[in-house]
Amino acid sequence: SGKQFVRYINMLINDTTFLLDESLESLKRIHEVQEEMKNKEQWEQLPRVCCSALLFFVIIILFYQELHGVLQ
């Protein structure tokens, strides 16, 4: 029915907005890590913590850099 369709579209828009917000926050964090990685000496002195989130961001940065190179 029409109400179910409107409800579905509303949920779809809400989910899309949430994912866009999360993506933008992640891109901001990726940029921060990239800036930190530019100073290799300072980057190497950071404590080695087994943190899956940091590892995830590093993997995303490497993927982004690879993808950026392919697209150019």
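Biologist: How far is N from O in the salt bridge of Arg 29 and Glu 36?
Modeller: The side chains of these two residues, Arg 29 and Glu 36, meet. A salt bridge here is a side-chain nitrogen of Lys or Arg within 4 Å of a carboxyl oxygen of Asp or Glu. From N to O, the value for Arg 29 and Glu 36 is 3.9 Å.

Biologist: What kind of model is this?
Modeller: Residues are numbered from 1 along each chain as its sequence is written, and side-chain values use heavy atoms, with hydrogens and water left out. pLDDT is the predictor's confidence in each residue, from 0 to 100. Local features need pLDDT of at least 70, side-chain atom pairs count only at pLDDT 80 or more, and totals for chains, interfaces and linings use all residues, for the model is predicted.

Biologist: Which elements make up the protein chain, in order from the N terminus?
Modeller: Helices (H or I, at least four residues) and strands (E, at least two) are DSSP runs, numbered from the N terminus. The protein chain has 3 helices and 0 strands. The order is α-α-α.

Biologist: Which helix has the lowest confidence?
Modeller: The chain averages a pLDDT of 78, and 83% of the residues score at least 70. Confidence is highest in α1, at 85. Where pLDDT is low, the predicted coordinates should not be read in detail. The lowest mean, 70, belongs to α3.

Biologist: Which residues form a network of salt bridges?
Modeller: Side chains of opposite charge can pair when their charged atoms come close. Arg 29 pairs with Glu 32 at 3.4 Å, N to O. Arg 29 also pairs with Glu 36. The network links Arg 29, Glu 32 and Glu 36.

Biologist: Is Lys 38 buried or exposed?
Modeller: Buried means under 20% relative accessible area, exposed over 50%, and partly exposed in between (1.4 Å probe, protein chains only). Lys 38 pairs with Glu 35 in a salt bridge at 3.2 Å, N to O. Glu 35, at 38%, is partly exposed. Lys 38 has a relative accessible area of 60%, so it is exposed.

Biologist: How many residues apart are Glu 35 and Lys 38?
Modeller: Both lie in helix α1. The spacing is about one turn of the helix. Glu 35 and Lys 38 are apart by 3 residues.

Biologist: Which helix gives the largest share of the largest nonpolar core?
Modeller: A nonpolar core is a set of buried Ala, Val, Leu, Ile, Met, Phe, Trp, Tyr and Cys residues joined through side-chain atoms within 4.5 Å. The largest one has 6 residues: Ile 30, Val 33, Trp 43, Phe 57, Val 58 and Ile 61. Both α1 and α3 (52-71) supply at least two of them. The largest share, 3 residues, comes from α3.

Biologist: Which residues does Gln 34 contact, leaving aside neighbours within four places in sequence?
Modeller: Gln 34 sits in helix α1. Its relative accessibility is 18%, so Gln 34 counts as buried. Contact means heavy atoms within 4.5 Å. Gln 34 touches Ile 61, Tyr 64 and Gln 65.

Biologist: How far apart in space are Gln 34 and Leu 62?
Modeller: In sequence, 28 residues separate Gln 34 and Leu 62. C-alpha to C-alpha, Gln 34 and Leu 62 are apart by 9.6 Å.

Biologist: Which residues form a nonpolar patch on the surface?
Modeller: Patches are made of residues with over 30% relative accessible area and no salt bridge; like charges are joined within 9 Å, nonpolar side chains (Val, Leu, Ile, Met, Phe, Trp, Tyr) within 5 Å. This patch has about 430 Å² of accessible area together. One of its members is Tyr 8, which is partly exposed at 48% relative accessibility. The patch is Phe 5, Val 6, Tyr 8 and Leu 12.

Biologist: What share of the exposed area do carbon and sulfur atoms supply?
Modeller: Accessible areas come from the Shrake-Rupley method with a 1.4 Å probe; for residues, only the protein chains shown count as cover. Of the 72 residues, 10% are buried. The chain exposes about 6600 Å². Carbon and sulfur supply 63%.
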